[in-house]
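User: Please take a close look at one part of this structure, the helical packing, and describe how the helices meet. Put that part in the setting of the whole chain, and add any backbone features worth checking.

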Amino acid sequence: MIVRTLKGAVVAACCALVILPFLAVLSTSLADQAQVTATGGYVLWPERPSLDAYRAILAGGVVTRALLVSVGVTVVGTLLSLTCITLLAYSLSRPGSLLHRPILLTVLFTLLFAPGMIPMYLTVKQLGLLDSYWSLILPGLAGGFQIIIMRAFFQEIPGELVDAARIDGAGELRILLRVVLPLSKAVIAVVGLFSAVAYWNAFFNAMLYLNDTEKWPLQLVLRTYVVDNSALSVDAADLSGSFLPPPVHADGDPGAEPGSHRDRLPVPPEALCQGHPHRRGERLTHEDQRGPPSDPVGVRRGRRGRHGAEHRPRAGRQARRPADRRRHGPAPDPRPAGGADLPARLLPGRARRDGHPGRGGGDLYWDETSTEPDDGGTVFAVAGVATGRWKRPVATTVDLAWYGWRGTGADDDTQRLQNAVNALPAGGTIEIGPGKVLIKRTISVKRVPITFDGAGHTDSLDHGTQLLLETGTADGFLLTGVHGGGFRNLQIRGLGLKGGAMIRTERAGAAKEDGNYMLAFTNARFRDGHNGLVLRACNTVRFQNCVWNTFTGDQVILLNGVADDQRADPVEFVQCGIAAGSGNKVTDNVVIDGLGGSIKFIATAILFGRHGLWMRNTTGTKALPKFVYFEGGGFENGHGVPVLLEAGAQAQFANTYISADGEFDNVRVGPEFVGGVTFTGCVIRGAGRNGIDVASARTTVTGCLIGNNGRMAHPDFARQISAVDGNGAGGVRVTTSAPHGWESDDRVTVTGITGLDRAWTIQVVSETAFDLEGAEPGTYAGTGQVYRHGAGINIRAQATRVVVTGNAIGGFTGDGVNRQDYGIVSASPDVLISGNDLNGNHAGAYALTGAQTAQTRATGNKGVQQIDGWLTARIDGAVADGLHDLSNLLYADGQRLRIVRVARKLGAGTCQVRLDADGDSAGGPATAATTTFQSTTLTSPYVVDGTSAAKRLQVRVLGSSGAGGLVVQFGYQVIA
């Protein structure tokens, strides 16, 4: 009995937890404004139930019209979507259907690569679908996921049923309608539900494609209410003024007590001037020091729009005169005994008395119990009055102009912006219209999600919204334990910065939730800074369409760099540009230092500066950066190493362009990088030394174009030799007049030194000296130079499990200078080099310089003499003219052999030899044989085709003269 009671109590508690939110929403909607305000926005039981909220939201038919639009789009879209998906899925489920494989691959391609917002918008625009309901239906008509689900279901239907229907004379359409669909009701219902829910919930397409608000669906209208804190007017085309219903009026709410914080009555500003020496109609300004009104019930000013333009109240919402309030009795007078006027500091109106336009008009109300400090924008204290404040109604959005910001960039706006942040204790948006915000001290945001929203980002110094940081060596913005928020549609520009970062994140405490989470940076421009961003203790940070340019500090972006509990994970850069600045050889672009998680770069360009992407670990722990994924975009014009992977666990680069202007490698993978590195479909060109330099385990390079590296292998970039001496160990040491900057095992060429004029491998002794491997001591004369070579891929001895396959590694015709000596140089015993095109390298296709083991494989590469086997004949004694059998292969049966080489030797005399097939020449000429061993590579290889019919292979001897003891071999490649 006790167990049953406990179970019942648990079930009841769970039900209550589920029902309680719905009850709160319903009760809040039925409560009056006073109760909602008093309870902080959540009501469990309405004291005076009212339908005013429903009347307000349904007034004018905006919501009902939007509801009809949503229903129509959902119904039509779902029906059309089901039709298209069903037809396409059925055709793809039938083997042998027309263009079956290309169409299926196209569908699968859409699952992996979305078209993107901009291409989609341009397509809709070119089709003439803007401002039409079809723009809400057609883009999502046939989802690849739904097609695959329905196709899989159709394939599970027994083929015997379809075959039986076909035998009965049914065509494909009849089979679909009469056999397949009746058996597929379940999947049709599921796919239909997917489509219906997608169409019903969608609002983003409407926001992109519909300018006519009369065609907006319900979801976009509701978003306007909730997110933008505004509602569409009765006349949907009229978007001026405040879209929300006006504040509760005293004469519209008999229960409201005049003077209470609920009593917000729009009155003209001249009503505030009773008893003051202001002319009728004159606006109070921020500079006026007058007393509060004799009836301090509130003021409604012209509201300032999103980007600074001010709007007047619409017809039907005209401000009431003081006489309109007489029926409520006299208002309380907040002045002290004696009737002296009390100074009041009120919000600027639409125009100041000096004739200049004011900014930041809006609603105010009198809160008689408040003692909050005056912040100059949302709370206004009255001089001499300890209790009672003018307040601006604020939900989730404030405007920086409310705080007296003028947008000139001449005033210090630090405190104004900090006050705006402090005015949103639960988080929200700070709107900053066109203009400049001068910040001279760090803006601190702690534990609340604040979004800084500008009027547009730009490269111009005079347009859009610009946050000017003149903070010296301090940070511009410090985000501490922030969950949400970010920056969008603005430019952040430094003014003479000497230290700090433009934006820095840090932990608020030691707990897990004290880190930063879900920060978003969209359409933001960062320029002229010292360091750009320092991201620590971050989780889920996204940058989209952001640009960084011209920095002078250590790096543009730093992730972690301190300790394991400061990791940044995950961080995404989507369609961004990161550039330390042209000519900058000291500032790195992106540094990932210490423990980090998933760092992704999608269609992002990293330009100029020193290193492009640097993964390292200087935090003093063993933890490493975990994963970097880079797709599209690339690296260019850097003076260091574009991709420097010193420490980490995994890195993947796909379809990436990697190039540099310096004398180093394009990609360098150090021995401390313990995870796998893959390069797929990349273009890697123009490095001063090697295209890729690998010293780690598990590196894979496939499908890449690698060429025109070793750019510094020219006398123009040579080091001057100041001395050539013995090294004390039987070798030769070369000293340069300036630091050479090279490494052991580099390949160099010495010129101008007699006896040493050739290529060498070096072992570095100091920054100005190195030994030449294999050089013997002697007296060397002359004044010489030495320059360094570079290869497409250089694989060091400590590297293991390196796979290089399916690449084109060599010179690029018409694309710069090619000084690449080898396609691949490998000192590693554990490497697979296969299926590469290695033509176009000056010294050779590849060089295996280290110890070779069973794990060393180089096979099937173009540009390399590749012999798959030998056709051998041995004739002891006298050699007569005629046909002679081969000793190891009598027939070419089912194969195509390409003959590429002939090796031969006689014991005595002379003759000619030729390979015959079925008694006739196989296609090659006769080759002379003598008593000297000769091996000849055929300039015109010929093919023996035994795929259609077997070919008898023999050696024909011609012109024998005293010939005896013949050994002949024909080297071949198997091509089929």
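Analyst: What follows starts with the chain as a whole, goes through the helix contacts, and ends with single residues outside them.

The model is predicted. The chain has 976 residues, 47% of which count as buried. Its secondary structure comes to 14 helices and 58 strands. Among the contacts in the chain with a separation of 6 or more, 70% are between residues 24 or more positions apart. The exposed area is about 44300 Å², and carbon and sulfur atoms supply 56% of that area.

A convenient place to begin is helix α4, residues 62-93, and its contact with helix α8, residues 144-156. The axes of α4 and α8 are 8 Å apart, and the two helices pack at an angle of about 50°. The helices are therefore oblique to each other, since the angle falls in none of the ranges for roughly parallel, roughly perpendicular or roughly antiparallel. The crossing of α4 past α8 is right-handed. On the α4 side the contact is made by I85, T86, L88, A89, Y90, L92 and S93. On the α8 side Q146, I147, M150, R151, F154 and Q155 take part. By class, the contact of α4 with α8 divides into 8 nonpolar, 4 polar and 1 charged residues.

Helix α8 also packs against helix α11, residues 185-201. Here the angle is about 175° and the axes are 10 Å apart. Because an angle over 145 degrees counts as roughly antiparallel, α8 is roughly antiparallel to α11. F145, Q146, I149, M150 and F153 of α8 meet V187, I188, V191, F194 and S195 of α11. The contact of α8 with α11 has 8 nonpolar and 2 polar residues, and no charged ones. Q146 and M150 are listed in this contact, and Q146 and M150 also belong to the contact of α8 with α4.

S195 of α11 can be followed further. Its relative accessible area is 4%, so S195 is buried, the cut-off being under 20%. Leaving out residues up to four places away in sequence, S195 touches T78, S81, I85 and Q146. Two of these residues have already appeared: I85 is part of the α4 side of the contact with α8, and Q146 is part of the α8 side.

Helix α4 has a further contact, with helix α13. The axes of α4 and α13 come within 7 Å and cross at roughly 140°. That angle makes α4 oblique to α13, because roughly antiparallel would require an angle over 145 degrees. The residues that meet are V62, V63, A66, L67 and S70 in α4 and L218, Q219, V221 and Y225 in α13. They divide into 7 nonpolar and 2 polar residues, with no charged residue.

Helix α13 covers residues 218-226, and L218, Q219, L220, V221, T224 and Y225 in it are buried. The buried residues of α13 pack against α4 and α11, and also against α3, residues 52-58, and α12, residues 204-209.

A few residues elsewhere deserve a separate note. Most residues other than glycine have a negative phi, and most peptide bonds are trans. D131, in the loop between α6 (117-126) and α7 (134-137), has a positive phi near 60° and is not a glycine. The relative accessible area of D131 is 26%, which makes D131 partly exposed. N489 is not a glycine either, and its phi is positive at about 60°. N489 is placed in strand β15, residues 485-494. The peptide bond from D569 to P570 is cis, with omega near -15°. P570 belongs to the loop between β21 (555-560) and β22 (571-574).

Q912 gives one example from a strand, β54, residues 908-917. With a relative accessibility of 35%, Q912 counts as partly exposed. Q912 touches A926, T927, A928, R956, V957 and L958, with residues up to four places away in sequence not counted. One of these, R956, is 44 residues from Q912 in sequence, and the C-alpha atoms of the pair are 8.2 Å apart.

Note on methods: Residues numbered from 1 in each chain as written. Predicted model: local features only at pLDDT ≥ 70, side-chain atom pairs only at ≥ 80, totals over all residues. Heavy atoms only, no water. Axes fitted to C-alpha atoms, helices over the stretch in contact; angles between N-to-C directions. Helix = DSSP H or I, 4+ residues; strand = E, 2+ residues; numbered from the N terminus. Parallel < 35°, antiparallel > 145°, perpendicular 65-115°, else oblique. Left-handed = near helix turned anticlockwise from the far one by under 90°. Contact = heavy atoms within 4.5 Å. Nonpolar A, V, L, I, M, F, W, Y, C, P; charged D, E, K, R; others polar. Buried < 20%, exposed > 50% of the residue type's maximum accessible area, 1.4 Å probe, protein only. Areas by Shrake-Rupley, 256 points an atom, 1.4 Å probe, with all protein chains shown as cover.
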